[in-house]
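Subject: Structure for you to look at

Hello,

Here is the structure I said I would pass on. Please open it beside this message and follow along.

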Amino acid sequence: KNYDLLVLGSSTWDGAKKDGLSRKNQNKNVQGNLQVKIKKFVESLSSYDFSQQAVAVYGVGHYSYTFTCNAANVLEEFVNSHNGRLVIESFRVTDVVDLSEDAIEQWASEIKI
């Protein structure tokens, strides 16, 4: 609560093994989810009220997956459902090229608190 801006981000791949699923269905089941450790962190914020916080979100994924960068959508929904205020369109990283310092600096420079 003492920060002017919170930046939340995650890769888009759960990676948690789901018992009883075939390998093919394992991949379908984990695509589009938050990375396991971020998922736990977000769950720890389940009672947090973001109404006094400016928030920015980024999501990382790979263009070959059906739900690429869906982590950004999941985080946006979480922030919105907890009275949050997104101050910029979420940054979605779909390829290593998107990770260039220029692209990151451009996105960060557009954040208005």
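Two residues are in contact when heavy atoms of theirs lie within 4.5 Å. You will need that for valine 60 further down. Please also keep in mind that this is a predicted model.

**The chain as a whole**

The chain has 4 helices and 5 strands. Read along the sequence, they follow the pattern β-α-β-α-β-α-β-β-α. Of the 113 residues, 34% count as buried. The accessible surface of the chain is about 7,400 Å², and carbon and sulfur atoms account for 50% of that surface. If you take the contacts between residues at least 6 apart in sequence, 64% of them join residues at least 24 apart.

**Strand E3 and its partners**

Start with strand E3, residues 54-60. How many of the 7 residues of E3 are buried? The count is 5, so E3 is largely enclosed by the rest of the structure.

E3 pairs with several strands. With strand E1 (residues 5-13) E3 pairs in the parallel sense, over 7 bridges. One position to look up there is leucine 6, which stands opposite valine 55 of E3. Strand E4 (residues 85-86) also runs parallel to E3, and 2 bridges join them. Valine 55 turns up here again, opposite leucine 86 in E4. Strand E5 is parallel to E3 as well, with 3 bridges between them. Glycine 59 has arginine 92 in E5 as its bridge partner.

When you look along such strands, remember a general rule: in a regular strand the side chains alternate between the two faces of the sheet.

**Valine 60**

Valine 60 is in strand E3. Is valine 60 buried or partly exposed? Its relative accessible area is 27%, and buried means under 20% while exposed means over 50%, so valine 60 is partly exposed. Leaving out residues up to four places away in sequence, valine 60 touches Ser10, Ser11, Thr12, Cys69 and Val93. Take valine 93 from that list: valine 60 and valine 93 are 33 residues apart in sequence, yet their C-alpha atoms are 4.6 Å apart in space.

**Helix H3 and the residue after it**

E3, helix H3 and E4 together make a right-handed β-α-β unit. H3 has 12 residues, which at 1.5 Å a residue should span 16 Å; the C-alpha atoms at its ends are 17 Å apart, so the two values agree. The buried residues of H3 are Asn70, Ala71, Ala72, Leu75, Glu76, Phe78 and Val79. It helps to read that list with the geometry of a helix in mind. An α-helix has 3.6 residues a turn, so residues three or four places apart point the same way.

Asparagine 83 comes just after H3, in the loop between H3 and E4. Which sign does phi of asparagine 83 have? Phi is near 65°, a positive value in a residue other than glycine. As a general matter, most residues other than glycine have a negative phi. Asparagine 83 is partly exposed, with a relative accessible area of 49%.

**Aromatic pairs**

The structure holds 3 aromatic pairs. In one of them, the ring centres of phenylalanine 50 and phenylalanine 78 are 5.9 Å apart and the planes stand at 80°, so the pair is edge-to-face. This pair links distant parts of the chain, 28 residues apart: phenylalanine 50 is in the loop between helix H2 (36-44) and E3, and phenylalanine 78 is in H3. Phenylalanine 50 counts as buried, at 1% relative accessibility. Phenylalanine 78 is buried too, at 12%.

Another pair is formed by phenylalanine 91 and tryptophan 107. Their ring centres are 5.4 Å apart and their planes are at 25°, so this pair is stacked. Here too distant parts of the chain are linked, with phenylalanine 91 in strand E5 (residues 91-93) and tryptophan 107 in helix H4 (residues 101-109), 16 residues apart. Both phenylalanine 91 and tryptophan 107 are buried.

Finally, which residues form one aromatic cluster? They are Tyr48, Phe50 and Phe78.

Regards

Terms used. Residues numbered from 1 in each chain as written. Predicted model: local features only at pLDDT ≥ 70, side-chain atom pairs only at ≥ 80, totals over all residues. Heavy atoms only, no water. Phe/Tyr/Trp six-rings, centres within 6.5 Å; stacked < 30°, edge-to-face > 60°. Buried < 20%, exposed > 50% of the residue type's maximum accessible area, 1.4 Å probe, protein only. Pairing = 2+ DSSP bridges. Right-handed = clockwise from strand over helix to strand, strands pointing away. Expected span 1.5 Å × (residues − 1). Areas by Shrake-Rupley, 256 points an atom, 1.4 Å probe, with all protein chains shown as cover.
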